[in-house]
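Please find below a note on the model under review. It is arranged as numbered points for a reader who wishes to check each statement against the coordinates.

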Amino acid sequence: NPPPRTGQVIAGSFPPAPSSLLPPASNDAGKDLRVLRWMPEGAVPLAPELSVTFSQPMIAVTSQTDASKTTPVKLSPTPKGNWRWIGTRTILFDPIGSDLRRFPQATTYTVEVPAGAKSASGGELKTATKFTFETPPPTVVASYPYASRPQRVNAPMYLLFDQKIDAQSVLTKLKVTANGKSAAVRLMTPAEIEKDKDKQLA
């Protein structure tokens, strides 16, 4: 005889029927859908991800591939990245940068969950939820030549920023004066930069 079993034997099938994959009824079932919290908001030094949490389950318990197709949040501008769900009520956007996994700097982002968005249980968002966050503009952290020393008019100049910049765009905003008069500036060529390596312009 086989040894006696402890506990209760429950018969079932695997995988379960699709209807059993729906999220369980929540305390907010039958109520209006709400956006409970979000982050980031306002001016932030870094934004590694965007997250929005709802009062009701927004998706069925399913694969991430299927779940990521349900995106009730609008992000503008939208950098390269991916939407994913943490559980059934919180959606995240993970930016994918060329070097760091964070939202690009010097940008104001607008996030909106439009009115009419519906939860998996049929709850509806009556009023749109909208917020913004912004990453900081670039800041000069080092420069050459030194302001305390006289310089010739054609001296090479170097500016180091705390983030990647579009050199041509910065050049159009740069104002240089010599003896009180505006002086024309241009980007140095790679050959000129190589020649001035001894002045730490590389």
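The points below concern a predicted model, and they take up the sheet, the aromatic pairs, the salt bridges and a surface patch in turn.

1. Sheet order. Four strands make up an open sheet in the order β2-β8-β7-β4, and the pairing is mixed. Its edge strands are β2 (42-43) and β4, each of which pairs on one side only.

2. Pairing of β7. Strand β7 comprises residues 108-113. With strand β8 (residues 129-134) it runs antiparallel, and six bridges join the two. Strand β4 (residues 74-76) is also antiparallel to β7, the two being joined by three bridges. In general, strands of a sheet pair through backbone hydrogen bonds, either parallel or antiparallel.

3. Register. Individual bridge partners allow the alignment to be checked. Between β7 and β8, T110 stands opposite T132, and the bridge partner of E112 is K130. On the β4 side, L75 has V111 of β7 as its bridge partner.

4. The two faces of β7. Which residues of β7 lie on its covered face? They are Y109, V111 and V113, whereas T108, T110 and E112 lie on the uncovered face. In a regular strand the side chains alternate between the two faces of the sheet.

5. A stacked aromatic pair. The count of aromatic pairs comes to seven. One of them joins W38 and F131, which are stacked, with 5.1 Å from centre to centre and 15° between the planes. The pair links distant parts of the chain, since W38 belongs to strand β1 (residues 35-39) and F131 to strand β8, 93 residues apart. Are the two partners buried or exposed? W38 counts as partly exposed because its relative accessibility is 29%, whereas F131, at 4%, counts as buried.

6. An edge-to-face pair. The ring centres of W83 and F93 are 5.0 Å apart and the planes are at 65°, so this pair is edge-to-face. W83 lies in strand β5 (residues 81-86) and F93 in strand β6 (residues 90-95), and the pair therefore ties together parts that are ten residues apart in sequence. W83 counts as buried at 17% relative accessibility, a value that falls under the 20% limit for that class. F93 is buried as well, with a relative accessible area of 1%.

7. Aromatic cluster. W83 and F93 belong to a cluster that ring pairs build together with F103, Y109 and F133. Y109 is also one of the residues on the covered face of β7.

8. Salt bridges around R84. How many salt bridges does a search of the whole structure find? The search finds three. In one of them, the side chains of R84 and E49 meet at 4.0 Å, N to O. This distance should be read against the cut-off, which is within 4 Å. R84 lies in strand β5 and E49 in the loop between β2 and β3 (50-54), so the pair ties together parts that are 35 residues apart in sequence. Another salt bridge brings the side chains of D94 and R84 together at 2.3 Å, N to O. D94 lies in strand β6 and R84 in strand β5, so here the parts tied together are ten residues apart in sequence.

9. Network and accessibility. Salt bridges link E49, R84 and D94 in a network. Within that network, R84 is partly exposed, with a relative accessible area of 31%, and E49 is partly exposed at 32%. D94 is buried, its relative accessible area being 12%.

10. The pair E192 and R186. These residues form a salt bridge in which the closest N and O atoms are 2.7 Å apart. E192 is partly exposed, with a relative accessible area of 26%. R186 counts as exposed because its relative accessibility is 56%.

11. Nonpolar surface patch. V140, L159 and L174 form a nonpolar patch on the surface, and together they have about 220 Å² of accessible area. L174 is found in the loop between α2 (167-173) and β11 (176-178). L174 is partly exposed, with a relative accessible area of 34%, and membership of a patch requires over 30%.

Note on methods. Residues numbered from 1 in each chain as written. Predicted model: local features only at pLDDT ≥ 70, side-chain atom pairs only at ≥ 80, totals over all residues. Heavy atoms only, no water. Buried < 20%, exposed > 50% of the residue type's maximum accessible area, 1.4 Å probe, protein only. Pairing = 2+ DSSP bridges. Phe/Tyr/Trp six-rings, centres within 6.5 Å; stacked < 30°, edge-to-face > 60°. Patch = residues over 30% accessible without salt bridge, like charges linked within 9 Å, V, L, I, M, F, W, Y side chains within 5 Å. Areas by Shrake-Rupley, 256 points an atom, 1.4 Å probe, with all protein chains shown as cover.
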